[in-house]
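Here is a short report on one protein model. It starts with the whole chain and then turns to a single residue.

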Amino acid sequence: MKRAKQPVRILLLGGTGEANALARRIAGDGRFAPTLSLAGRTSNPVTPDLPLRIGGFGGVQGLRDYIVEHQIGVVIDATHPFAAVISANAIAACKLAAVPLIALERPPWQPETGDLWHSFATVEEAIDALPKMPRRIFSGLGRLSLDALARAPQHHYIIRVIDRIAKPDALPHATIVAARGPFRADDDLLLFATLGIDIVLAKNSGGDAAYSKIAAARRRGIPVMMIARPHSPPRTMFATVDEVWADIEHHHAPPTERGV
């Protein structure tokens, strides 16, 4: 008879809906032993029922040491498309540990008819391009971009974040909206109309969970200051959970061994 070898240990760098979907699929297969790793930037994250690790690794060397110590067989980078630091660290750490790395990165949004996009390479460039006269601006940039918003403090920002935060002193006209996606376009349409939003600030994250603000802006004819993704480093990369799962099964599943 055939018996399976020890399950392959997988380190899944998460923080996205796609990461959670992939984690659930891997956790349901006894050939693999996954651990989901989160940066810890949000409280009470919604995660699948499997081993969870929260917090940073301490740079490239710390991640490499974790991979070796826990005998990780493959690392999957399914972090946010703008999480450039951990993605770069994963490439370097996996190279040092001689462990394969797979990336799951959803495609970026593409402009459609009716979109009024203005593209920028960085958040700072987008903020500097805002009008000088005060406007009502919806920010979907997250709390890590609050310092950048302070470059133009005259505007009334409506800042949507996952966890409630205090209004920054540097943004006297800001309104904080704490909400957890996925969001609906009709809800954002109503929000924009009620608050009189003039401009939307957004990162090109891709996916469905945060697309509502883009669809709502299109329907109301509101310009979107769109921040492009950081350059994606060369690595084995897939766009969907199904593609990653197929690669894992084909290239990383443990072989069976004959026994009695």
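## Overall build

The protein has eight helices and 14 strands. This is a predicted model. Its C-alpha atoms fill a box of roughly 75 × 35 × 30 Å along the principal axes.

Sequence-distant pairing is common here. Take the contacts between residues at least 6 apart in sequence: 68% of them join residues at least 24 apart.

## Surface and charge

The protein has 260 residues, and 43% of them count as buried. Its accessible surface comes to about 13200 Å². Carbon and sulfur atoms account for 54% of that surface.

The protein carries 30 positive and 25 negative charges. The mean positions of the two sets are 2 Å apart.

## Arg53 in its setting

Arg53 sits in strand S4, which covers residues 52–54. Set aside its neighbours within four places in sequence. Arg53 then contacts Thr35, Leu36, Ser37, Leu38 and Tyr66.

## A buried charge without a salt bridge

Which side chain of opposite charge is nearest to Arg53? It is Glu69, at 8.9 Å. A salt bridge requires a side-chain nitrogen of Lys or Arg within 4 Å of a carboxyl oxygen of Asp or Glu. Arg53 has no salt bridge, yet this residue is buried.

What does the side chain of Arg53 reach at 2.9 Å? The partner is the backbone oxygen of Gly56. That distance falls within the 3.5 Å cut-off for a polar contact.

Key
Residues are numbered from 1 along each chain as its sequence is written. This is a predicted model: local features need pLDDT of at least 70, side-chain atom pairs count only at pLDDT 80 or more; totals for chains, interfaces and linings use all residues. Side-chain values use heavy atoms; hydrogens and water are left out. Helices (H or I, at least four residues) and strands (E, at least two) are DSSP runs, numbered from the N terminus. Buried means under 20% relative accessible area, exposed over 50%, partly exposed in between (1.4 Å probe, protein chains only). Lys and Arg count as positive and Asp and Glu as negative; His and the chain ends are not counted. A polar contact is a pair of N or O atoms within 3.5 Å; within protein, one must be able to donate a hydrogen and the other to accept it, and residues adjacent in sequence count only if both atoms are side-chain atoms. Contact means heavy atoms within 4.5 Å. Accessible areas come from the Shrake-Rupley method with a 1.4 Å probe; for residues, only the protein chains shown count as cover. The place of a charge is taken as NZ of Lys, CZ of Arg, CG of Asp or CD of Glu.
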